[in-house]
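Hi everyone, thanks for making time. Let's have a look at the model on the screen together, and do stop me if something is unclear.

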Amino acid sequence: MAFMKAILGLGLTAAGILLTGWEAEKYQKGQKLYAFVEASCVIRETETETVCEDTIRTRQDPGLPENQQKENAYEEEKPDTSQIDQIDFGALQEINPDVTAWIEIPGTKVSYPVLFRYGDSNYYLTHLMDGREGKQGAIHIDGSGPDGMESRNVLIYGHNLLDSSMFSSLHSYKRESFYRNYPYIYLHMPDGTKRQYRIAACMVTEGIETEWYRYAFEDDADAQAYYNLFQQKSLYDTKTKLDAEEGRQTILLSTCYRRQCRRMILAVRES
């Protein structure tokens, strides 16, 4: 409880955003909490190397055109662009035992705890990771299935907000050039492992279409038909295939897109 009391006693100022008056007040509670958790529970590497399209190594094969060499490089190379060295999950789970992972997306502001509450997919839409009500809510896994982060297809939600927090910066992936520079996301786990995922598709729905949100399948054929829809609807070709027979875990990152009835979804595949 000592860690929790430290949070409640904070006197930090809100992040510098273009909000004033009552709008800013709605965001301050969550900004203070997540800034404190990041500073207290995350140890970052002192030196990191940014890997982008212009510097990534390509397989030298004079028999292949340059664009094909780049495609092969994206498939074969798995550079670790994570900037996080260690997460104090003991402290995080003292705040809330629902903390099940930490998500990091290099090149964006996404660096947050991921929560899971089985049987309730709505709680963290309106509650911060410490259980208090707050505008930002929390990054959370769909609670419909019992397996959480161990599901074959994991659904993770986060708000798109005026202060650019939570999943707001996922919108950068509308640009293929941004994806080329930052194709990986990371999930840090309580057991100390780090899971790397590569973005396979980026799409925008026309409405709240529930067929996009599934965590279980009848068989590999059912899963493959589902994955094929994502790749067909993708805003660009990532050259990364979602293959049901490979048995790799897939994660869907979902946030609001402009109007409340539309959603932006990133489909990412375990590397």
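Before I start, a word on terms: helices and strands here are DSSP runs, with a strand being a run of E over at least two residues, numbered from the N terminus. And two strands pair if DSSP finds at least two bridges between them. Please keep in mind that this is a predicted model.

Let me begin with strand β6, residues 153–157. Who are its partners? On one side of the story we have strand β9, residues 250–257, which pairs with β6 in the parallel sense over five bridges. In that pairing, Y157 stands opposite S254 in β9. Then there is strand β5, residues 139–141, which runs antiparallel to β6 and is joined to it by two bridges. Here H140 is the residue opposite Y157. So Y157 of β6 faces H140 and also S254 of β9.

Now, is β6 buried or exposed? Mostly covered: five of its five residues are buried. As a reminder, in a regular strand the side chains alternate between the two faces of the sheet. For β6, N153, L155 and Y157 sit on one side, V154 and I156 on the other, and all are buried.

That takes us to the empty space. How many cavities of 30 Å³ or more are there? The count comes to three. I'd like to show you the second largest, which holds about 50 Å³ of space. Its lining includes I141, D142, N153, V154, L155 and Y215. Strand β6 gives the largest share of that lining, with three residues. By class, the lining has four nonpolar, five polar and one charged residues.

Next, two backbone oddities for those of you who check torsions. M166 has a positive phi of about 55° although it is not a glycine. You'll find M166 in the loop between β6 and α6, and it is buried because its relative accessibility is 1%, with the cut-off at under 20%. K239 has a positive phi too, about 65°, and is not a glycine either. K239 lies in the loop between α7 and β9. At a relative accessible area of 31%, K239 counts as partly exposed.

Last, the cysteines. A disulfide is a covalent bond between the sulfur atoms of two cysteines. How many does a search of the whole structure find? Zero. C41 is buried, at 2% relative accessibility, and C202 is buried as well, at 0%.

That's my tour, and I'm happy to take questions.

Notes
Residues numbered from 1 in each chain as written. Predicted model: local features only at pLDDT ≥ 70, side-chain atom pairs only at ≥ 80, totals over all residues. Heavy atoms only, no water. Disulfide = S-S within 2.5 Å. Buried < 20%, exposed > 50% of the residue type's maximum accessible area, 1.4 Å probe, protein only. 1 Å grid on protein atoms, 1.4 Å probe; cavity = no way out; pocket = protein on both sides within 12 Å on 5 of 7 lines; lining within 4 Å. Points joined across faces, edges and corners; volume = space filled by probe spheres on them. Helix = DSSP H or I, 4+ residues; strand = E, 2+ residues; numbered from the N terminus. Nonpolar A, V, L, I, M, F, W, Y, C, P; charged D, E, K, R; others polar.
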